[in-house]
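Work through these exercises with the model open beside you. Each task is followed by a stepwise solution.

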Amino acid sequence: MSKKTRIISLCLFVAVLILLLVGIILTGGEGEHGDIQLLMRDAVLHEEGKISLFGLTEVNPALISAFTVTAVLLVFAAAMRIFVIPRFKLIPGKLQMLLETAVGLFDGMAKSNSPHRNGFLGAYIFAAGAYIFIGTLFELFGFQAVTVAGHSIALPAPLSDINAAIAMGCLSYCIILSGGIAGNGLKGVGLTLKDFSLPISMSFRLFGALLSGLLVTELVYHYLALCFVLPVIVGVLFTLLHALIQAYVLTMLTALFYGEVSERHEPKTKKSKAKKAAA
């Protein structure tokens, strides 16, 4: 880096600091108004900021986010299947390489954890990983909605609602249970039910991780003078990290337990028991 470039970078940095200081002075260094306890309680329970669903009932804003993300993913998948996949070439382009890398990542995860039964597992963990990743990034766009009380609210990540996180955890557990039944029949049910705490741990790990980013950002808005700059950095970093980590953790746990319970357990014969007793 030349001396002239360093001087220009230093001047830009000083200018940004001056603008931040001017903003702090003009705004009085205050963040959002309102009781932080009420805001954080509503971020978890959604008791106040409910949204009307087609005028039929009042729902949590995360449900609107879930419907939106699901619709976007379905339309994108249909467009890829109709317009892109039939035109795949032997020498892939950028989009084809991206899709093949994503599919290969989850397919390899399924095969490495469940080498004997992995067709449906690969499809499920790909769908679950894509939903968690895209759904977590959804809150970065800041789409606005109007609550029943007439206030504007930014739509949160779908899985920041405890109901959505529990649904995802229980669905993953049901997939694991189906693998146990397909691999070992009724014995697979017993193998799966041994880990009865698995859906609870999956659900609350997912919910707690995604909610923590929202709560930390709210605290930054209220208690730091740089409330109009720092929340952007904190929010983006937390969201990106949670999107990557939680998508990987849930898919890896699902593939791991699915492979464990679906592995074929051969019954012990009388001859093998006799050899074992003789030994």
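**Exercise 1. Decide whether T239 is buried or exposed, and find what it touches.**

Solution. This is a predicted model, so every value here is computed from predicted coordinates.
- Step 1: Locate the residue. T239 sits in helix α9.
- Step 2: Read its relative accessible area, which is 5%.
- Step 3: Apply the cut-off. Buried means under 20%, so T239 is buried.
- Step 4: List its contacts. Leaving out residues up to four places away in sequence, T239 touches T136, L137, E139 and L140.
- Step 5: Check one of these partners along the chain and in space. L140 is 99 residues from T239 in sequence, yet their C-alpha atoms are 7.6 Å apart.

**Exercise 2. Classify the exposure of G104 and relate G104 to F126.**

Solution.
- Step 1: Place the residue. G104 belongs to helix α4, residues 94-113.
- Step 2: Take its relative accessible area, 40%.
- Step 3: Compare with the limits. Exposed starts over 50% and buried lies under 20%, so G104 is partly exposed.
- Step 4: Turn to F126. The two residues are 22 apart in sequence, and 9.5 Å separates their C-alpha atoms.
- Step 5: Keep F126 in mind for Exercise 4. F126 is among the residues nearest the centre of the largest pocket.

**Exercise 3. Work out how helices α5 and α6 are oriented and which residues join them.**

Solution.
- Step 1: Find the helices. α5 covers residues 119-137 and α6 covers residues 162-184.
- Step 2: Note the geometry. Their axes come within 11 Å and cross at roughly 170°.
- Step 3: Interpret the angle. Over 145 degrees counts as roughly antiparallel, and α5 and α6 are therefore roughly antiparallel to each other.
- Step 4: Name the contact residues. α5 contributes F120, Y124, A128, Y131 and I132, while α6 contributes M168, L171, S172 and I175.
- Step 5: Sort them by class. The contact has eight nonpolar residues, one polar residue and no charged residues.

**Exercise 4. Describe the largest pocket: its volume, its lining and the elements that supply it.**

Solution.
- Step 1: Give the volume, about 1300 Å³.
- Step 2: Count the lining. It has 49 residues, and L73, F126, A130, Y131 and I134 lie nearest the centre.
- Step 3: Assign elements. α3 (61-84), α4, α5, α6 and α9 each supply at least two lining residues.
- Step 4: Pick the main contributor. α3 gives the largest share, twelve residues.
- Step 5: Split the lining by class. It has 42 nonpolar, five polar and two charged residues.

**Exercise 5. How many cavities of 30 Å³ or more does the structure hold, and what lines the largest?**

Solution.
- Step 1: Count them. There is one cavity of 30 Å³ or more.
- Step 2: State the volume of the largest cavity, about 40 Å³.
- Step 3: List its lining: M202, R205, L206, Q246, V249, L250 and L253.
- Step 4: Map these to helices. α8 (198-223) and α9 (230-262) are the elements giving two or more residues. α9 gives the most, with four.
- Step 5: Classify the lining. Five residues are nonpolar, one is polar and one is charged.

**Exercise 6. Summarise the whole chain.**

Solution.
- Step 1: Tally the secondary structure: ten helices and four strands.
- Step 2: Write their order from the N terminus: α-α-β-β-α-α-α-β-β-α-α-α-α-α.
- Step 3: Add burial. Buried residues make up 35% of the 279 residues.
- Step 4: Add contact range. Of the contacts between residues at least 6 apart in sequence, 69% join residues at least 24 apart.

Note on methods. Residues numbered from 1 in each chain as written. Predicted model: local features only at pLDDT ≥ 70, side-chain atom pairs only at ≥ 80, totals over all residues. Heavy atoms only, no water. Axes fitted to C-alpha atoms, helices over the stretch in contact; angles between N-to-C directions. Parallel < 35°, antiparallel > 145°, perpendicular 65-115°, else oblique. Contact = heavy atoms within 4.5 Å. Nonpolar A, V, L, I, M, F, W, Y, C, P; charged D, E, K, R; others polar. 1 Å grid on protein atoms, 1.4 Å probe; cavity = no way out; pocket = protein on both sides within 12 Å on 5 of 7 lines; lining within 4 Å. Points joined across faces, edges and corners; volume = space filled by probe spheres on them. Buried < 20%, exposed > 50% of the residue type's maximum accessible area, 1.4 Å probe, protein only.
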